[in-house]
Amino acid sequence: ERRSLFLVAAFRQHCQEVVETDLSEVVPEACRHYFEDFLDFCYTGQLELRVSSWPCMMKMADVLQVPSLHKVCLEQFAELMHVSDAIDVACDCQGVGLHEDVVRQVTQHAADECAP
C-alpha cells in the first residue's frame, strides 16, 4: 500500500470543512526537490532511489507515513550505500532530521564495509 497515512488522516479529519495542510511544515526544505519522486512512488509504485535521494525519501516516508516507501528504502539501503558515500549520507540524514538510529545505521554500514 503506497498511500500516505498522514494525508489520509488530514483529509478525513477535515472532510466537512475547508482546511489547509501545509506540507512545508513537515517536509524539510532539503527534501522538497524529491517530492515529485515521492508522488511518483505513491501513484505508480516506481522509484529510482539514489544515494542522494535516500535520506529525503526516508524522511518523507517517516513524516508522511508511507510504510511501503520506508520498506523500499530499507531494502535498497545496502545496495545503494558505498563506503565513499557514508559520511555524506550520514550528514544528510542528520540534516533532514532523521532519527539518530538511522544515522548510526549508516555510519555502522560504512564501518562494516571498511573492516577487513
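Let's start at Arg 50, a residue that is partly exposed, with a relative accessible area of 35%. Keep in mind as you look around that this is a predicted model. Arg 50 has a charged partner: it forms a salt bridge with Asp 37, and the closest N and O atoms of the two are 3.5 Å apart. Arg 50 sits in the loop between helix 2 (35–44) and helix 3 (54–63), while Asp 37 belongs to helix 2, so the pair ties together parts that are 13 residues apart in sequence. Asp 37 is also partly exposed, with a relative accessible area of 23%.

How many salt bridges does a search of the whole structure find? The search returns three. In general, side chains of opposite charge can pair when their charged atoms come close. Besides the pair you have just met, there is one between Glu 75 and Lys 71, whose closest N and O atoms are 3.9 Å apart. The cut-off for a salt bridge is 4 Å, so a distance of 3.9 Å is within it. Both Glu 75 and Lys 71 lie in helix 4 (residues 67–80), four residues apart, which is about one turn of the helix. Lys 71 counts as exposed, at 51% relative accessibility.

Now move along to helix 6 (residues 100–114), where Arg 104 and Asp 101 are three residues apart and thus separated by about one helical turn. These two form a salt bridge as well, with their closest N and O atoms 2.5 Å apart. Arg 104 is partly exposed at 49% relative accessibility, and Asp 101 is partly exposed too, with a relative accessible area of 44%.

From the charged pairs, let's turn to the nonpolar interior. The largest nonpolar core has 33 residues, and those that touch the most other members are Phe 38, Trp 54, Met 57, Met 60, Leu 69, Cys 93 and Val 106. Two or more residues of this core come from each of helix 2, helix 3, helix 4, helix 5 (83–95) and helix 6. Which element gives the largest share? It is helix 3, with seven residues. Phe 38 makes a good place to zoom in: leaving out residues up to four places away in sequence, it touches Met 57, Met 60, Leu 64, Val 66 and Leu 69.

Cys 93, one of the core residues just named, leads on to the cysteines. Cys 93 is buried, at 0% relative accessibility. Why does its sulfur form no bond with the closest cysteine sulfur? That closest sulfur, in Cys 56, is 9.1 Å away, which is too far for a bond. The count for the structure comes to zero disulfides. Cys 42 is likewise in no disulfide, as the nearest cysteine sulfur, that of Cys 73, is 11 Å away. Cys 42 is buried, with a relative accessible area of 17%.

Finally, go back towards the start of the chain and find Ser 4, in the segment before helix 1 (5–13). Is Ser 4 buried or exposed? Ser 4 is buried, with a relative accessible area of 6%. Its side chain reaches the backbone oxygen of Leu 64 at 2.5 Å. Setting aside neighbours within four places in sequence, Ser 4 is in contact with Leu 64, Gln 65 and Val 66. Two of these residues should be familiar by now, since Phe 38 touches Leu 64 and Val 66.

Methods:
Residues are numbered from 1 along each chain as its sequence is written. This is a predicted model: local features need pLDDT of at least 70, side-chain atom pairs count only at pLDDT 80 or more; totals for chains, interfaces and linings use all residues. Side-chain values use heavy atoms; hydrogens and water are left out. Buried means under 20% relative accessible area, exposed over 50%, partly exposed in between (1.4 Å probe, protein chains only). A polar contact is a pair of N or O atoms within 3.5 Å; within protein, one must be able to donate a hydrogen and the other to accept it, and residues adjacent in sequence count only if both atoms are side-chain atoms. Contact means heavy atoms within 4.5 Å. A disulfide is a pair of cysteine sulfur atoms within 2.5 Å. A salt bridge is a side-chain nitrogen of Lys or Arg within 4 Å of a carboxyl oxygen of Asp or Glu. A nonpolar core is a set of buried Ala, Val, Leu, Ile, Met, Phe, Trp, Tyr and Cys residues joined through side-chain atoms within 4.5 Å.
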